Amino acid sequence: MKHGFIKTAAVTPDIRVADVAYNTESICRKIDETTAAGAKIVVFPELCITGYTCGDLFTQEVLLRDARKSLHRIAEYTKGKDALIFVGVPLAIDGELYNVAAALHRGEILGLTTKTFLPNYGEFYEMRQFRPGPETARYLMFDGKRTPFGPQLLFAEEHLDALVVSAEICEDVWSPIPPSIQAAREGATIIVNCSASDETIGKAAYRTSLIEGQSARLICGYVYANAGEGESTTDVVFGGHNIIAENGTTLAAAKRFQNDGIYTEIDVKRLDSERRKNTTFQPAKDRFLIRVPFSLEEEETRLSRNFPSRPFVPGNEMERKERCEEILTIQAMGLKKRLAHTHAKSAVVGISGGLDSTLALLVTAKAFDALSMDRSGITAVTMPCFGTTDRTYQNACKMAKKLGADLKEVPIAASVTQHFQDIGHDPEDHSVTYENAQARERTQVLMDIANQTGGMVIGTGDMSELALGWATYNGDHMSMYGVNASVPKTLVRHLVSYYADTCEDQELREVLLDVLDTPVSPELLPPKDGEIAQKTEDLVGPYELHDFYLYYFLRFGYEPAKIYRLARKAFKGEYDDETIYHWLSTFCRRFFTQQFKRSCLPDGPKVGTVALSPRGDWRMPSDACVTAWLADLEKVKP
């Protein structure tokens, strides 16, 4: 359970209709299998002890008696098993027959959750044998023990507040107001469903969307175990379509028509964090559901689920293309509005031949097209100085010309040299003063040209640089509208690549491809043998690592030790543990110390779920201490 990861399993055992003894053995074998695999929450299908398709055999005392005995036998079998296990069983209580999901733990029957909504349409006729569960839960004497009975029971882990489990049964989740809604409002972070849903054309896709939707709506994990082969095929076929979802995303799904178990880890601390942030998720003010305590051994769950190393970039090519087109449009539409509102006659973009300024120029061209403005109104300014290489200079010039912008060259070496004389700085001293003087001179040039042309300066800095404070305060940090402000560096590359792949101009495409092949650099130090001498990622660290850290730090509020754990898995074979740890430590320190630069950011469009605008997504005092975060990271130092 370390870091909130709970391994869950949804299992379809082999069964025979009405053969309780056979089914019991099969369920016990699966319990062995799932617990040996480390599963802590194990879910079996609806009425699996008898089989769902027994029909009027459910009225037979022999079947009901054997099912009850089997439930106790399976409960006894869970002794010594460190898991909360749900099995479906028919139970006669007070003269009525109920469809029940029994919660078993360490030899005990913790609770009996009843089915609330009984389908009685089409191929289903449950109301012929069963009764809906009571409206509210209560305690009853079940075979000599006081046992919770009814809907929406909550099973709360004693040592991990974020782990609260509640069950519902099949049709319950298909109803207009599923029981899981109230359970989630009272704290359930994992909903389990013991189900028997038959297969018809298109139903699998609908079932998947239903479970994903419910997990998203309730910000919960959802473990759905479905009946499969072994049920009667007199009229219907069951496919064993098991699904485990988390907050709208399917983490694992079984292949249909082959009884199997699926496993994955649900991150209950992530869900807890999401609920705290989401003000539309309203916890119940009056709590009336029965809470049943249970405990699991604390251990480090072996992770089987994958965490993409580039979380901002879709792995699927088609999805990635769609995402790129959407982001470029959002950026351009944001700029379009600002240009129209300010009655700007021009847009001024400082171009370096690097990725960020390239993307800003492409977005500006797209915005001008949307406004039906001639692209000659775009002033693309190249400002060569001490660190400019011929490669980046030529690419910047070619790109501006191919896009139809007005190219303006303003060499700044003389003015920067004069500035060094004015402040008494030795030009041979290549310290931060040497570098930042160039960045601030460039910003002054851009601002003044904007005044000359009746335009506005378009910012080029991206979100990764903002997170690290990798910008010169009142230099490239400042603009009149920052189109890349919420685009991480790993995504900038794909946006430029997408534009290159889709543009019709072959010469422009070749320039963009060369930009993509150029090392990321601010080019503030003199070149060595004509090549770039200053590579950003050598100084601040690999951007793919920083973007990974940024995503999990901001999106889910993960602690550094947890981010380190996930990064080790995501970047295995790409970066060693020491490298991951070193740059994560750097990220934490820089993120805290550089907030003052983010506190006065120019306006810019939000394009994704993670953003750093001080007016929107991230409000943080500039003098907040990083001590606790570094202390957390120190615990896992390799």
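This is a short dialogue on reading a predicted model of one protein chain.

Visitor: Where do I start? How many helices and strands does the protein chain have?

Guide: Start with the inventory. The protein chain has 19 helices and 20 strands. Then take the outline. Along the principal axes, the C-alpha atoms fill a box of roughly 100 × 50 × 45 Å.

Visitor: What share of the 638 residues counts as buried?

Guide: Of the 638 residues, 57% count as buried. The exposed surface of the chain comes to about 26,700 Å². Carbon and sulfur atoms supply 48% of that area.

Visitor: And the charges? How many side chains are positive, and how many negative?

Guide: There are 72 positive and 87 negative side chains. The centres of the two sets lie 3 Å apart.

Visitor: Among contacts between residues at least 6 apart in sequence, what percentage joins residues at least 24 apart?

Guide: The figure is 74%. Gly 604 offers a case to look at. Met 480 is 124 residues away from Gly 604 in sequence, yet their C-alpha atoms are 8.9 Å apart. Beyond its neighbours within four places, Gly 604 is in contact with Tyr 481 and Gly 482.

Visitor: Where is Gly 604 found, and how exposed is Gly 604?

Guide: Gly 604 sits in the loop between helix H18 (595–598) and helix H19 (627–634). Its relative accessible area is 33%, so Gly 604 is partly exposed.

Visitor: Now the interior. Which residues have the most contacts inside the largest nonpolar core?

Guide: They are Leu 84, Phe 86, Phe 155, Leu 163, Val 165 and Val 192, in a core of 54 residues. Apart from this core lies another, of 46 residues, with Leu 362, Ala 365, Val 487 and Leu 491 among them.

Visitor: What does Leu 84 touch?

Guide: Set aside residues up to four places away in sequence. Leu 84 then touches residues including Ile 41, Val 42, Leu 104, Leu 110, Phe 155, Val 165, Phe 294 and Leu 296. Lys 40 and His 105 are also among the residues that Leu 84 touches.

Visitor: How do I check a helix? What span should H1 have?

Guide: Compare expected span with actual span. Helix H1 (residues 20–36) has 17 residues, so at 1.5 Å a residue it should span 24 Å. Its end C-alpha atoms are 24 Å apart, which agrees.

Visitor: What do the buried residues of H1 pack against?

Guide: They pack against strand S1 (5–11), strand S2 (41–43), helix H2 (61–77), strand S3 (84–93) and strand S14 (261–267). The buried set includes Val 20, Ile 27, Cys 28 and Ile 31. Polar residues belong to it too, among them Asn 23, Lys 30 and Thr 34.

Visitor: Is H15 mostly covered or mostly open?

Guide: H15 is mostly covered, with 13 of its 13 residues buried. This helix, residues 543–555, reaches 17 Å from first C-alpha to last, close to the 18 Å expected.

Visitor: Which residues with positive phi follow these helices?

Guide: Gly 38 follows H1, with phi near 95 degrees. Gly 557 follows H15, with phi near 70 degrees.

Visitor: Which residue other than glycine has a positive phi near 60 degrees?

Guide: Gln 152 does. Gln 152 lies in the loop between strand S7 (145–150) and strand S8 (154–157). Ser 372 also has a positive phi, of about 60 degrees. Ser 372 lies in the loop between helix H7 (355–370) and strand S17 (378–382).

Visitor: Is Gln 152 buried or exposed? And is Ser 372 buried or exposed?

Guide: Gln 152 is buried, with a relative accessible area of 12%. Ser 372 is exposed, at 70%.

Conventions
Residues are numbered from 1 along each chain as its sequence is written. This is a predicted model: local features need pLDDT of at least 70, side-chain atom pairs count only at pLDDT 80 or more; totals for chains, interfaces and linings use all residues. Side-chain values use heavy atoms; hydrogens and water are left out. Helices (H or I, at least four residues) and strands (E, at least two) are DSSP runs, numbered from the N terminus. Buried means under 20% relative accessible area, exposed over 50%, partly exposed in between (1.4 Å probe, protein chains only). A nonpolar core is a set of buried Ala, Val, Leu, Ile, Met, Phe, Trp, Tyr and Cys residues joined through side-chain atoms within 4.5 Å. Contact means heavy atoms within 4.5 Å. Accessible areas come from the Shrake-Rupley method with a 1.4 Å probe; for residues, only the protein chains shown count as cover. Lys and Arg count as positive and Asp and Glu as negative; His and the chain ends are not counted. The place of a charge is taken as NZ of Lys, CZ of Arg, CG of Asp or CD of Glu. The expected span of a helix is 1.5 Å times one less than its number of residues.
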